Amino acid sequence: MWLFYVPDIQDDVQLPEEEAGHCIRVLRMKEGDRIRLTDGKGFFYDAVISAVSGKRCMVHIENKEEQKPLWSGHLHIAVAPTKLMDRNEWFVEKAVEIGVDEITFLKTDHSERDVIKMDRIGKIAVSAMKQSQKATLPVLNGMTSFRSFIERGFDGDKFIAHCEPGSKLLLQDAVAAAHNSLVLIGPEGDFSPGEIDMALKAGFKPISLGPSRLRTETAALVAVHIMNLAGQNRE
């Protein structure tokens with residue numbers, strides 16, 4: 001059954017314009033057809049199309065179902081975006097499909113990009129949430145300065161992946177099941193020495209993602225996958 005995103009759901013609700021267009025014009029659904037909705041807040045809704053008029057599509061909610069958590073802990077990835085926007089969009093799409101709770105874009109000393117179009121990122125995240133049949137949309141944070149970000153509190157395990165020499169645990173050995181986890185991923189030129197020192201003093205633990213030198217978006221996705229695997233609920 002097709003899944004549609006409706007952030008504000010009531011007993012009788014009108015689909016957002018883009019979702020209504022897909023429902024009516026692309027899928028050619030009509031009054032009486034059954035569809036499934038999510039509010040992006042952890043719930044699915046079974047609904048029936050009650051009226052179609054022009055570009056408007058009204059639906060009536062018949063049942064509400066909470067999706068059981070697919071993993072434990074709050075999984076947060078903070079990454080310096082790449083210069084090419086399509087690589088950032090690819091990362092967001094795949095990270096949401098795998099499963100993550102929060103994504104933050106970092107402005108670092110060596111950042112290749114200062115601006116992120118969050119409207120576009122939001123649409124990609126919604127599409128990935130629906131495609132992967134999830135009922136929760138991750139929190140998406142726009143460009144945030146590195147210093148202000150690491151000074152914020154985080155109730156959980158904090159890690160920084162960097163390429164400087166030194167003793168580091170592999171992330172898969174450092175991340176713990178059922179723990180909140182935050183991983184920092186730097187730009188192509190890596191975090192600056194000053195940023196690494198700042199993060200370590202703020203309680204971030206240095207970690208490695210393996211012997212291969214990974215592109216930023218690949219490293220971020222690997223980190224998401226490792227956190228997700230550690231936290232998966234297997235019941």
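This tour moves from the whole protein to one helix and then to two single residues.

**The whole chain**

The structure is a predicted model, in which local features need pLDDT of at least 70, side-chain atom pairs count only at pLDDT 80 or more, and totals for chains, interfaces and linings use all residues. Residues are numbered from 1 along each chain as its sequence is written, and side-chain values use heavy atoms, with hydrogens and water left out.

Begin with the entire protein displayed as a C-alpha trace, which spans about 65 × 40 × 30 Å along its principal axes. In a cartoon view, look for seven helices and 12 strands; these are DSSP runs numbered from the N terminus, with helices (H or I) of at least four residues and strands (E) of at least two. Of the 235 residues, 47% are buried, a term that means under 20% relative accessible area with a 1.4 Å probe, counting protein chains only. Consider also the contacts, defined as heavy atoms within 4.5 Å. Among those between residues at least 6 apart in sequence, 74% join residues at least 24 apart.

**Helix 1**

Next, select residues 17–26, which form helix 1. Which of its residues are buried? They are Glu 19, Ala 20, Gly 21, Cys 23 and Ile 24. To see what these buried residues pack against, add strand 1 (3–5), strand 4 (43–53), strand 5 (56–66) and helix 3 (118–131). Then select Arg 28, which follows helix 1 and has a positive phi, near 55°.

**Glu 102**

Move to strand 7, residues 102–107, where Glu 102 is found. Glu 102 is buried yet has no salt bridge, that is, no side-chain nitrogen of Lys or Arg within 4 Å of a carboxyl oxygen of Asp or Glu. The nearest side chain of opposite charge belongs to Arg 152, 6.2 Å away; here Lys and Arg count as positive and Asp and Glu as negative, while His and the chain ends are not counted.

Which side chain makes a polar contact with that of Glu 102? Select Asn 141, at 2.8 Å. A polar contact is a pair of N or O atoms within 3.5 Å; within protein, one must be able to donate a hydrogen and the other to accept it, and residues adjacent in sequence count only if both atoms are side-chain atoms. Beyond four places in sequence, Glu 102 also touches other residues, including His 74, Ile 77 and Pro 138.

**Ser 192**

Finally, select Ser 192, in the loop between strand 11 (181–185) and helix 6 (193–201). Is this residue buried or exposed? Ser 192 counts as buried because its relative accessibility is 7%. Leaving aside neighbours within four places in sequence, Ser 192 is in contact with Asp 109 and His 110.

How values were computed. Buried means under 20% relative accessible area, exposed over 50%, partly exposed in between (1.4 Å probe, protein chains only).
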